[in-house]
Amino acid sequence: MTTHFDMLLFANLATFNEEFGFTHNTHYGAIHQGAMGIVGGEIAWIGTKQDTKTLQLTADNSLDFGDKWITPALIDCHTHLVYGGNRSNEFEMRLNGVSYQDIASSGGGIMATVNATRDLGFDDLYKLSAKRLKTLINQGVGTVEIKSGYGLDLDSERKMLTVAKKLGDDFGITIKKTYLALHAIPPEFKDNREKYVKNACEWLKILHDEGLVDAVDAFCESIAFNRDEVAQVFDVARSLGLPVKLHAEQMSDMGGGALVADFHGLSADHIEYLSDESIAKMAEHGVVGVLLPTAFYILKETKLPPIDKMRQMGVNMAVSTDSNPGTSPSTSLLLAMNMACTLFGLTCEEALAGTTLYAAKALGLQESKGKLDIGFDADLAIWDIDRLADLCYLIGASPVHGLLVGGKVV
């Protein structure tokens with residue numbers, strides 16, 4: 001008896017699937033000379049090329065990629081992709097010794113981007129953001145998280161999230177929209193933080209009702225918001241059934257990792273100054289630690305995230321671009337993977353798992369994306385590489401041969 005699929009793909013497979021032997025440092029759950037059947041945009045069968053003959057498997061469309069590799073489509077789980085303006089001047093200032101904190105306190109930093117983003121119309125903001133998204137897609141990325149946080153008023157936050165939604169609709173990839181009004185205090189509220197936080201909580205309810213919010217984030221830091229302020233918006237998120245995540249411990253230990261764990265959140269991101277207490281709580285509640293090595297590099301940070309401690313405690317680690325105009329002006333997830341290895345000491349397998357399996361978990365998508373498994377979305381990147389380590393090793397290359405999202409070519 002034959003089994004028929006919409007599509008059969010033949011290549012080497014990196015499944016990141018325990019069924020095929022994946023645990024930490026066990027060769028990616030790889031299947032050499034593998035095969036995969038797709039039905040209705042989902043993975044329906046996984047095996048070897050030889051199995052397809054033995055089992056008499058057929059398909060409407062069969063594609064043989066030879067010795068190329070198929071991985072889950074990459075997932076960029078922390079970006080600020082939608083913004084206006086240009087802050088290369090701040091890069092020059094930092095090179096001349098001005099600190100990030102001093103730039104922010106003098107009207108630069110996040111507020112410079114807020115002003116530029118507020119001034120842009122929807123169409124212009126969309127066009128700028130689409131260019132950045134195309135670059136990510138061309139690197140095999142099939143899911144992108146996009147944050148607001150450069151509007152800091154209701155209309156501008158709505159504009160950013162609506163642009164993010166349209167990008168997903170137009171480009172045929174998955175976009176997860178994250179509300180980040182607690183990113184900075186806008187100038188109109190500089191003397192009334194309490195009022196701004198209250199407004200941000202009310203805007204969240206409105207934008208959620210409009211279907212524009214998938215998760216809630218905040219910047220918990222000495223130059224941004226404290227734990228009590230963050231907890232207020234997280235309480236609203238919880239009441240709406242929205243998951244939370246947090247910019248945590250980028251410049252100091254504010255206890256943000258523990259805070260997001262207390263809310264059973266998805267992830268704590270940056271985490272250079274993460275404490276042992278926060279690591280333990282994150283491990284207990286399954287909070288992913290998202291590493292952002294490009295920002296670490298651009299800011300010339302010297303405090304390394306506690307990688308070994310997170311390994312020991314069993315905290316899953318994701319890797320992302322943190323694509324943003326000020327501290328990580330990059331749209332290369334492959335570069336972030338290289339930096340995670342060279343700067344933070346991740347193995348190539350950890351870096352690739354961090355942009356697939358654990359990046360999916362950081363977005364709450366671990367039941368449908370991030371590994372090759374039956375019933376998972378057929379989000380697949382095809383790579384013209386000899387070895388999977390090449391994805392972390394080949395600086396400046398983009399060896400993607402093709403990208404499928406939901407079984408459709410992007």
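The questions and answers below concern strands and a helix in this predicted model.

Reader: In the open sheet of eight strands, which are the edge strands?

Author: The sheet has the order β5-β6-β7-β8-β9-β10-β11-β12, with parallel pairing, and its neighbouring strands are turned by 25° against each other on average, direction ignored. An edge strand is one that pairs on one side only, and this description applies to β5 (74-76) and β12 (317-319).

Reader: Which residue in β12 is the bridge partner of Leu291?

Author: Strand β11, which covers residues 288-291, runs parallel to β12 and is joined to it by three bridges. Leu291 has its bridge partner within β12, and that partner is Val319.

Reader: Why is helix α13 described as largely enclosed by the rest of the structure?

Author: Helix α13, made up of residues 333-342, lies across β5, β6 (141-147) and β12, and runs at about 85° to β5. Among its buried residues are Leu333, Leu334, Met337 and Cys341, where buried means under 20% relative accessible area. The helix is therefore largely enclosed, since the residues that are buried number eight of the ten.

Reader: In the hairpin of β2 and β3, which residue takes a positive phi?

Author: Strand β2 (residues 30-39) and strand β3 (residues 42-48) pair in the antiparallel sense over six bridges, and in β3 the bridge partner of Gly34 is Thr48. The hairpin has two residues between the strands, and the residue with a positive phi, near 55°, is Gly40.

Terms used:
Residues are numbered from 1 along each chain as its sequence is written. This is a predicted model: local features need pLDDT of at least 70, side-chain atom pairs count only at pLDDT 80 or more; totals for chains, interfaces and linings use all residues. Side-chain values use heavy atoms; hydrogens and water are left out. Two strands pair if DSSP finds at least two bridges between them. Helices (H or I, at least four residues) and strands (E, at least two) are DSSP runs, numbered from the N terminus. Axes are lines fitted to C-alpha atoms, for helices over the stretch in contact, and angles run from 0 to 180 degrees between N-to-C directions. Contact means heavy atoms within 4.5 Å. Buried means under 20% relative accessible area, exposed over 50%, partly exposed in between (1.4 Å probe, protein chains only).
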